Amino acid sequence: MHPRLRTLAFLATVVAAGCGGGSGDAAPAPPPVAPPPPAAPYPTGLSDQSLTVAGVARQYRVHVPAGLATPKAIVLVLHGGGGEGLNVANTGQHPLSVFRTVADREGFVVVYPGGLPAKDIEGNPGWVDCRADNTVSSGADDVGFLAALVERVRTEYGLTTSRMFMTGGSNGAQMTHAFAFNRADLVAAVASGAGSLPQTPLPGACTTGPSRPLPILLLHGTGDPAMPWAGGCVANVGGACNRGRVISAEATRDRWLQINSLTGVSPTQTVLDGNKSDPGPANRFDYAGATPMQWWRLDGAGHATPSQIVLVNPSPTSGIQNRDIEFAEVVWAFFAARLP
């Protein structure tokens with residue numbers, strides 16, 4: 001055979017072998033395997049978590065609604081100093097737990113940070129806010145802890161600070177004020193329940209105020225014995241006034257009106273009095289402006305967080321709970337209106 005013909009025959013054999021002996025087309029390549037979805041930062045429901053800040057392991061709880069991949073917002077809810085601590089997140093135990101129910105319906109994540117024990121005899125978990133004359137606080141850098149926590153959960157969910165919010169009751173409300181004064185850059189709005197500004201603030205931002213105006217909701221009962229409506233000693237059960245003094249609820253309102261350039265604005269008033277068995281109506285005052293404020297005066301109400309779901313029995317140290325409104329609902333409505 002001619003050498004050229006032998007070469008052509010050899011090439012034909014190689015091609016036939018590569019095509020399955022000429023029995024048909026080549027087998028299709030397997031489809032590409034899709035990468036697994038990224039793991040969720042936190043499990044569905046309520047889970048206990050920790051974050052080490054400045055060498056101290058700090059605890060927090062996270063509630064994630066079922067089936068929620070990307071939340072529309074994250075709301076940090078700060079407990080008071082009355083001893084409940086992180087247990088305010090337990091369903092039915094405290095009115096602040098209702099934020100979980102609202103989150104399930106509205107699609108946001110709730111984070112419950114934990115404060116450290118106070119130095120008094122009770123040793124209840126609490127917060128180091130802006131009070132310079134609170135001699136029983138833990139002394140921790142709680143602004144630093146909360147700032148690190150905000151940044152962690154925000155980054156984990158890929159959200160901007162325009163979707164980060166903070167609220168709290170009692171000492172948690174005072175800590176919310178302190179955080180707003182020190183790190184207004186990390187939250188879009190805040191809400192305070194039964195927490196007034198200090199009469200003697202710490203130097204720095206606690207005295208000078210926040211770096212920018214911030215939408216805020218303030219709520220306070222006129223019959224509050226623990227955080228006196230007219231100002232004075234905080235939770236002064238033993239008479240030593242070792243938890244410091246606060247200014248009045250109205251003076252706290254006026255300070256924030258000044259911060260948000262709302263001084264002189266005439267508010268619109270709404271009166272809610274659906275429950276006739278509590279001390280009096282809930283009065284809502286809306287101050288409209290570029291940085292709005294919503295102020296709630298609960299006539300006759302005491303220190304307990306208002307709720308229609310989780311009822312708190314009256315006591316000499318707490319007063320009588322307002323049951324015309326649900327704190328978690330009115331706070332979320334205020335925050336939701338601030339979403340981009």
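Begin by selecting Phe-327, Ala-328, Val-330, Val-331, Trp-332, Phe-334 and Phe-335, which are the buried residues of helix H7 in what is a predicted model. Widening the selection to the whole of H7, residues 327-336, shows a helix that is mostly covered, with 7 of its 10 residues buried.

Next, bring up the elements against which the buried residues of H7 pack: the strands S3 (74-78), S7 (164-169), S8 (189-193), S9 (216-221) and S14 (293-298), together with helix H2 (98-106).

From that group, isolate S8, where 5 of 5 residues are buried. Colouring the strand by side is helpful here, for Ala-189, Ala-191 and Gly-193 lie on one face and Val-190 and Ser-192 on the other, and both faces are covered. Adding S7 to the view brings in a strand that pairs with S8 in the parallel sense, over 5 bridges; to locate one of the paired positions, select Thr-167 and look to Ala-191 in S8, its bridge partner.

Move now to helices H4 (residues 171-182) and H6 (residues 249-259), whose axes come within 14 Å and cross at roughly 20 degrees. Angles under 35 degrees count as roughly parallel, and H4 and H6 are therefore described as roughly parallel to each other; their crossing is left-handed. To display the contact itself, select His-177, Ala-180 and Phe-181 in H4, and with them Thr-252, Arg-255, Trp-256 and Ile-259 in H6, which they meet. Coloured by class, this contact of H4 with H6 has 4 nonpolar, 2 polar and 1 charged residues.

Methods. Residues numbered from 1 in each chain as written. Predicted model: local features only at pLDDT ≥ 70, side-chain atom pairs only at ≥ 80, totals over all residues. Heavy atoms only, no water. Axes fitted to C-alpha atoms, helices over the stretch in contact; angles between N-to-C directions. Helix = DSSP H or I, 4+ residues; strand = E, 2+ residues; numbered from the N terminus. Parallel < 35°, antiparallel > 145°, perpendicular 65-115°, else oblique. Left-handed = near helix turned anticlockwise from the far one by under 90°. Contact = heavy atoms within 4.5 Å. Nonpolar A, V, L, I, M, F, W, Y, C, P; charged D, E, K, R; others polar. Buried < 20%, exposed > 50% of the residue type's maximum accessible area, 1.4 Å probe, protein only. Pairing = 2+ DSSP bridges.
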